[in-house]
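The following questions and answers practise setting a value against a definition. Please keep the structure in view while reading.

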Amino acid sequence: MTVHKKTMLILTGIFLVVLASIAWNLVQQGRYDYAQNIAIKIVLWVIYTFWEVKSGITISNYIRASVMAVLTSDSFFGLYLDFYVTSSIFDKVQHVFGSYVFSLFAYSIICKLTQPMIGWGFTFIFILTLGLSIGAIYEVGEFLGDSIAKPSMPSQPNLLDTNLDLIADIMGSLLAAIHVTIILVGNLNNNIR
């Protein structure tokens, strides 16, 4: 087993235990909707990890750990500690960091699957577009969740929240685009791809 694969499995194991314990504590508090949210994250991450191992496509452990940090932050600070409700800026910071991380994540997977030879200008635009698309899809998901589940505390209380989330998504996507095209430019065999 390679060091990369061993690190991947250790990170995944720790991540799943942390999320499961957060979900368990939420169930103990009777906050089943939040626990269900975390259970879905766990299932999706297990499916993704299984796919990654079976396909032989691996992302860098930096990106993996970053995705896990975003999902853990969302689960622990946002849901368990209720920062989405009690903090006026947590959601925006989460959007910036989440857009940054998921832009890198999507870019990495797409590059591993297609192995394109593209220039830095196209890479910059591509990553920026990925991040904005992911942010927009997330906002649509929040809207659908609010419309269907009708939670007591909606994800999108007003249009200002949606617009600020999208601005935060732009900032995170720009950070990811700058990260890949300027910091990692010229190294076609880097771990981001």
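Q: What makes a stretch of residues a helix here, and how are helices numbered?
A: A helix is a DSSP run of H or I with at least four residues, and helices are numbered from the N terminus. The model is predicted. Helix α7 spans residues 159-183 and supplies the largest share of the nonpolar patch, five residues.

Q: Which residues make the nonpolar surface patch?
A: Leu132, Ile170, Leu174, Ile178, Ile182 and Ile183 make this patch of about 510 Å². Leu174 lies in helix α7.

Q: What makes Leu174 eligible for a patch, and why is Leu174 called partly exposed?
A: Patch residues need over 30% relative accessible area, and Leu174 has 32%. Partly exposed covers the range between under 20% and over 50%, so Leu174 with its 32% is called partly exposed.

Q: Why is Asp161 called buried?
A: Buried means under 20% relative accessible area. Asp161 has 11%, and therefore counts as buried. Asp161 is also found in helix α7.

Q: Why is the pair of Tyr48 and Trp51 called tilted?
A: Ring centres must lie within 6.5 Å to pair, and planes neither under 30 nor over 60 degrees apart count as tilted. Tyr48 and Trp51 are 5.9 Å apart, centre to centre, with 40 degrees between the planes, so the pair is tilted. Both residues are in helix α2 (residues 32-55), three residues apart, and are separated by about one helical turn.

Q: Are Tyr48 and Trp51 buried or partly exposed?
A: Tyr48, at 11% relative accessibility, counts as buried, whereas Trp51, at 32%, counts as partly exposed.

Q: How do you know that Lys92 and Asp165 form a salt bridge?
A: A side-chain nitrogen of Lys or Arg must be within 4 Å of a carboxyl oxygen of Asp or Glu. For Lys92 and Asp165 the N to O value is 2.8 Å, so the pair is a salt bridge. Lys92 lies in helix α5 (residues 90-114) and Asp165 in helix α7, so the pair ties together parts that are 73 residues apart in sequence. Salt bridges that share partners join Asp91, Lys92, Asp161 and Asp165 into one network.

Q: Why are Lys92 and Asp165 called buried?
A: The limit is under 20% relative accessible area. Lys92 has 18% and Asp165 has 0%, so Lys92 and Asp165 are buried.

Methods. Residues are numbered from 1 along each chain as its sequence is written. This is a predicted model: local features need pLDDT of at least 70, side-chain atom pairs count only at pLDDT 80 or more; totals for chains, interfaces and linings use all residues. Side-chain values use heavy atoms; hydrogens and water are left out. Rings of Phe, Tyr and Trp (its six-membered ring) pair if their centres lie within 6.5 Å; planes under 30 degrees apart count as stacked, over 60 as edge-to-face and the rest as tilted. Helices (H or I, at least four residues) and strands (E, at least two) are DSSP runs, numbered from the N terminus. Buried means under 20% relative accessible area, exposed over 50%, partly exposed in between (1.4 Å probe, protein chains only). Patches are made of residues with over 30% relative accessible area and no salt bridge: like charges are joined within 9 Å, nonpolar side chains (Val, Leu, Ile, Met, Phe, Trp, Tyr) within 5 Å. Accessible areas come from the Shrake-Rupley method with a 1.4 Å probe; for residues, only the protein chains shown count as cover.
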